[in-house]
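Student: I should like to learn how to read the architecture of a protein model. May we work through one example together?
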Amino acid sequence: MLENIEEIRVSDFINSLSGEIDKDIRELKEYAIEHDVPIIRDETKDFIRMILSMKKVENVLEIGTAIGYSTLVIHKLCKDAKIVTIEDYGERIKIAKSNIDKYFDKSKIELIENDAGIYLKENKEREIFDFVFLDAAKGQYINWLNDIKRLMKKDAILIADNIFKDGEILESKFLIKKRDRTIHKRMREFLHTITRDEELNTYIYSIGDGLSVSIKK
């Protein structure tokens, strides 16, 4: 417990030093907090910014638009990149469209209103994307992996967020509620697969709610 308290103190201190200076991102974050919309944590946002500041990207795939917060973080840093972002939850799509109209260069954004699995299967192209951000239904990560890899260029980066699922993935399945055991099993399978996949170099970080970073060989 003391370790957890210390981690929280360190995280809060770091976040206080890296305050949001972009007014659009700050405004969208405030909306998400006010309306109880899950968005990426500040540590995750800063990590993505660090990765993208070191790598020039032309084509981005985001799976899980929500209201467009993480999309905007990427767009602000990679202004010339084309972003394809996927969302299938109707209420969030409406808000995302409004935010795209307000904050984005719309020529750089394509919002796919569909199930990610359908889009990935139907898109038969290869090696399109330099950067993929995966933050959607956790139980589907493993099912989407092969199609995501097919769409990644050599040296492309895949970041998967919330891989610890509020710590549940670290627990034995017998300590997880029965209704959550399928997600628990699939996420562990996803992590086992990507860390042993010969096409990827994968690193796991305890940033935010856990994230994986995979680079296609």
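Student: In which sense do strand S1 and S2 pair, and over how many bridges?

Tutor: Please keep in mind that this is a predicted model. To read a pair of strands, one follows the chain direction of each and then looks for the bridges. Here strand S1 (residues 59-63) and S2 pair in the parallel sense, over 5 bridges. As an example of residues facing one another, Glu62 stands opposite Thr85 in S2.

Student: Is strand S2 mostly covered or mostly open?

Tutor: Strand S2 (residues 82-87) is mostly covered, since 5 of its 6 residues are buried. In a regular strand, side chains alternate between the two faces of the sheet. For the chain of 217 residues, 47% count as buried.

Student: What is the order of the strands in the sheet?

Tutor: One reads a sheet from one edge to the other, by neighbours in space. The order in this open sheet of 7 strands is S3-S2-S1-S4-S5-S7-S6, and the pairing is mixed. Strand S3 (109-113) and strand S6 (200-205) are the edge strands, each pairing on one side only. From one strand to the next, the twist averages 15°.

Student: In which sense do S6 and strand S7 pair?

Tutor: S6 and strand S7 (residues 211-216) are paired in the antiparallel sense, over 6 bridges. One of the residues to locate is Leu200, whose bridge partner in S7 is Lys216.

Student: Which strands does H3 lie across?

Tutor: For a helix on a sheet, one notes the strands beneath the helix and the angle to a reference strand. H3 lies across strand S4 (129-134), strand S5 (152-161), S6 and S7, and runs at about 170° to S5. Helix H7 (residues 141-151) lies across S1, S4, S5, S6 and S7, and runs at about 155° to S5.

Student: At what angle do helix H3 and helix H4 pack?

Tutor: Two helices are described by the angle and the distance between their axes, and then by the residues in contact. Helix H3 (residues 42-54) and helix H4 (residues 69-77) pack at an angle of about 30°, and their axes are 10 Å apart. Because of that angle, H3 is roughly parallel to H4. Their crossing is right-handed. On the H3 side, the contact is made by Asp42, Lys45, Ile48, Arg49, Leu52 and Ser53, and on the H4 side by Tyr69, Val73, Ile74 and Leu77. By class, this contact of H3 with H4 has 6 nonpolar, 1 polar and 3 charged residues.

Student: Where does Asp46 lie, and how far apart are the C-alpha atoms of Asp46 and Val73?

Tutor: Asp46 lies in helix H3. This residue is partly exposed, with a relative accessible area of 24%. Although Asp46 and Val73 are 27 residues apart along the chain, their C-alpha atoms are separated by 9.3 Å.

Student: How do helix H2 and helix H5 pack, and what is the angle?

Tutor: The same reading applies. Helix H2 (residues 23-34) and helix H5 (residues 90-103) pack at an angle of about 160°, with 12 Å between their axes. H2 and H5 are therefore roughly antiparallel to each other. The crossing of H2 and H5 is right-handed. Asp24, Glu27, Leu28 and Tyr31 of H2 make the contact with Ile95, Asn99, Lys102 and Tyr103 of H5. The residues of this contact divide into 4 nonpolar, 1 polar and 3 charged.

Student: How many helices and strands does the chain have?

Tutor: The chain has 8 helices and 7 strands.

Key: Residues numbered from 1 in each chain as written. Predicted model: local features only at pLDDT ≥ 70, side-chain atom pairs only at ≥ 80, totals over all residues. Heavy atoms only, no water. Axes fitted to C-alpha atoms, helices over the stretch in contact; angles between N-to-C directions. Helix = DSSP H or I, 4+ residues; strand = E, 2+ residues; numbered from the N terminus. Parallel < 35°, antiparallel > 145°, perpendicular 65-115°, else oblique. Left-handed = near helix turned anticlockwise from the far one by under 90°. Contact = heavy atoms within 4.5 Å. Nonpolar A, V, L, I, M, F, W, Y, C, P; charged D, E, K, R; others polar. Buried < 20%, exposed > 50% of the residue type's maximum accessible area, 1.4 Å probe, protein only. Pairing = 2+ DSSP bridges.
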